[in-house]
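Trainee: I am new to this structure and should like to go through it with you. May I put my questions in turn?

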Amino acid sequence: MRPRDTKDVEDAVVWALAGSKTLEIAGQGTKRGIGRPNQSDITLDLSGLTGVTLYEPEELVLSARAGTPIAEIERLVAEKNQELAFEPADYGQLLGERAGGGTIGGVLGTNLSGPRRIKAGAARDHFLGVTAVSGRGETFKSGGRVVKNVTGYDLCKLMAGSYGTLGAMTDVTIKTLPRAETETTVLLLGLDDTSAARAMAEAMGSSCEVSGAAHLPSGALGSLQGLFGGKPVTLLRLEGVAPSVSHRVSVLTALLKTYGPVETLAAESSHMVWKAVRDVSPFVGDDRPVWRVSTAPMNGAAVAASVASADGDYFFDWAGGLIWIALPPSDDAGSALVRGAVARAGGHATLIRAPAAIRAAVPVFDPQDLGVAALTKRVKDSFDPKGILNPGRMWAGV
């Protein structure tokens, strides 16, 4: 079903309730491969709900229908020298889909954020308002057009990362921010994982306002092999006005000189490298299972050591707090190995890419303990008591 507006969406949900049908909530379908396989009777295709309905650059606010392509929004705000500061990731090619095909509703529904998250926050932190239809067939609104919305519950935070299991978003409002005049990436070549973690920690603890910190071992350079001569590389991005960036490059270079020679990438090359990190480009083009692990930055090397012992490749983002892992194909996509390593280090793991049969058999998201599972079920029942919206997308039976 392809609704044209919020009323159509409401009618579709009411119809599904009456006929005991379940609905897959989808936009352009580029994120279908994330989560457990679809178990729905009918697809509610929201890709027709497009268009920016409000953009006030002076107020740093933008409203759009949920099916609006994220690429269209980024082009629009770039014309006003603004950006979506959470740097929305594009996993299209990683998942075997086309690049640049996601929607704003899909980005917020999965809470996808890029390398700048360590400075600017996640997608949910820029999510100001939403109109959505619950599994009860009721339209509800939350938030508004300013950051400090104080009336009622902040349902935007709840909808972000819910993968369409609580409601079908039809309109959203997000915050925009001024775009940096320029950027430079400071880099160190040849560091091992532990040394890289220390260097990134020092950089993040400095006054240099680092907006991206990543470490790519030689096995995870992908198309960047030639740029760095096949050596492991530690990347630290600085953004802002040119004089400020130049000064902070000098300060950071002096701070990190004990780790070896410090080099820099100018704006164009820097942008290209960080786009590759954002979109997990080193693992595009193969069929290995890919995991996304969040942990304390200084514990990342321990998780990586477990992965390396199983012939896996990995790289670090978010100053070491985010680890992307690609493992050899297996019946469980390496679930026992990854979850065991995460249990020892602390954090959580999500299976981002794997065949549908494996995603149906192996928990994609971290298994919940009894208390959290009961809370999750109560929240789901509050919004969708009949379980008709994306049933089982995140956990079986929810």
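Trainee: How many aromatic pairs does the count come to?

Mentor: This is a predicted model. Rings are paired if their centres lie within 6.5 Å. By this rule, the count of aromatic pairs comes to six.

Trainee: Are the planes of Phe283 and Phe315 stacked, edge-to-face or tilted?

Mentor: The ring centres of Phe283 and Phe315 are 5.6 Å apart, with the planes at 50 degrees. Planes under 30 degrees apart count as stacked and those over 60 as edge-to-face. The angle of 50 degrees belongs to neither class, so the pair of Phe283 and Phe315 is tilted.

Trainee: How many residues apart in sequence are the parts that this pair ties together?

Mentor: Phe283 lies in the loop between helix H9 (267-278) and S14, whereas Phe315 lies in strand S15. The pair therefore ties together parts whose separation in sequence is 32 residues.

Trainee: Are Phe283 and Phe315 buried or exposed?

Mentor: A residue counts as buried when its relative accessible area is under 20%. Phe283 has a value of 1%, and Phe315 has 0%. Both values are under the cut-off, so Phe283 and Phe315 are buried.

Trainee: Which residue forms one aromatic cluster with Phe365 and Trp395?

Mentor: Phe365 and Trp395 form a tilted pair, 5.8 Å from centre to centre and with 50 degrees between the planes. Phe365 lies in the loop between helix H12 (356-361) and helix H13 (370-383), and Trp395 in the segment after H13, so the pair ties together parts 30 residues apart in sequence. Phe365 and Trp395 are both buried. The residue that joins them in one aromatic cluster is Tyr163.

Trainee: Which strand gives the largest share of the largest nonpolar core?

Mentor: The largest nonpolar core has 55 residues, and those with the most contacts inside it include Tyr91, Phe283, Trp324 and Ile325. Five residues make up the largest share from one element. That element, covering residues 322-326, is strand S16.

Trainee: Is S16 enclosed or open, and how many of its residues are buried?

Mentor: Leu322, Trp324 and Ala326 point one way from S16, while Ile323 and Ile325 point the other way. In a regular strand, side chains alternate between the two faces of the sheet. S16 is largely enclosed by the rest of the structure, because the number of its five residues that are buried is five.

Trainee: Which residue of S16 is the bridge partner of Arg292?

Mentor: S14 and S16 run antiparallel and are joined by five bridges. Trp324 also touches Arg292, along with residues including Tyr91, Phe283 and Phe315. In S16, the bridge partner of Arg292 is Trp324.

Trainee: Which residue in the turn between S15 and S16 has a positive phi?

Mentor: S15 and S16 pair in the antiparallel sense over five bridges. Asp317 has Leu322 as its bridge partner in S16. The two strands form a hairpin with four residues between them, and the turn residue with a positive phi, about 50 degrees, is Trp318.

Trainee: How far apart are the C-alpha atoms of Arg117 and Asp317?

Mentor: Arg117 belongs to helix H4 (residues 117-120). Leaving aside neighbours within four places in sequence, Arg117 is in contact with Ala122 and Trp318. Arg117 and Asp317 are 200 residues apart along the chain, and their C-alpha atoms are separated by 9.8 Å.

Trainee: Which residue of S8 is the bridge partner of Ala64?

Mentor: Strand S4 (residues 61-65) is mostly covered, with four of its five residues buried. Four bridges join S4 to the antiparallel strand S3 (residues 52-56), and five join S4 to strand S8 (residues 167-175), also antiparallel. In S8, the bridge partner of Ala64 is Val172.

Trainee: What is the radius of gyration of the chain?

Mentor: The secondary structure of the chain comes to 13 helices and 17 strands. For 398 residues the globule rule gives 21 Å, and the chain is close to that, so it is as compact as a globular protein of that length. The radius of gyration of the chain is 21 Å.

Conventions
Residues numbered from 1 in each chain as written. Predicted model: local features only at pLDDT ≥ 70, side-chain atom pairs only at ≥ 80, totals over all residues. Heavy atoms only, no water. Core = buried A, V, L, I, M, F, W, Y, C linked by side-chain atoms within 4.5 Å. Buried < 20%, exposed > 50% of the residue type's maximum accessible area, 1.4 Å probe, protein only. Contact = heavy atoms within 4.5 Å. Pairing = 2+ DSSP bridges. Rg over C-alpha atoms; globule rule 2.2 N^0.38 Å.
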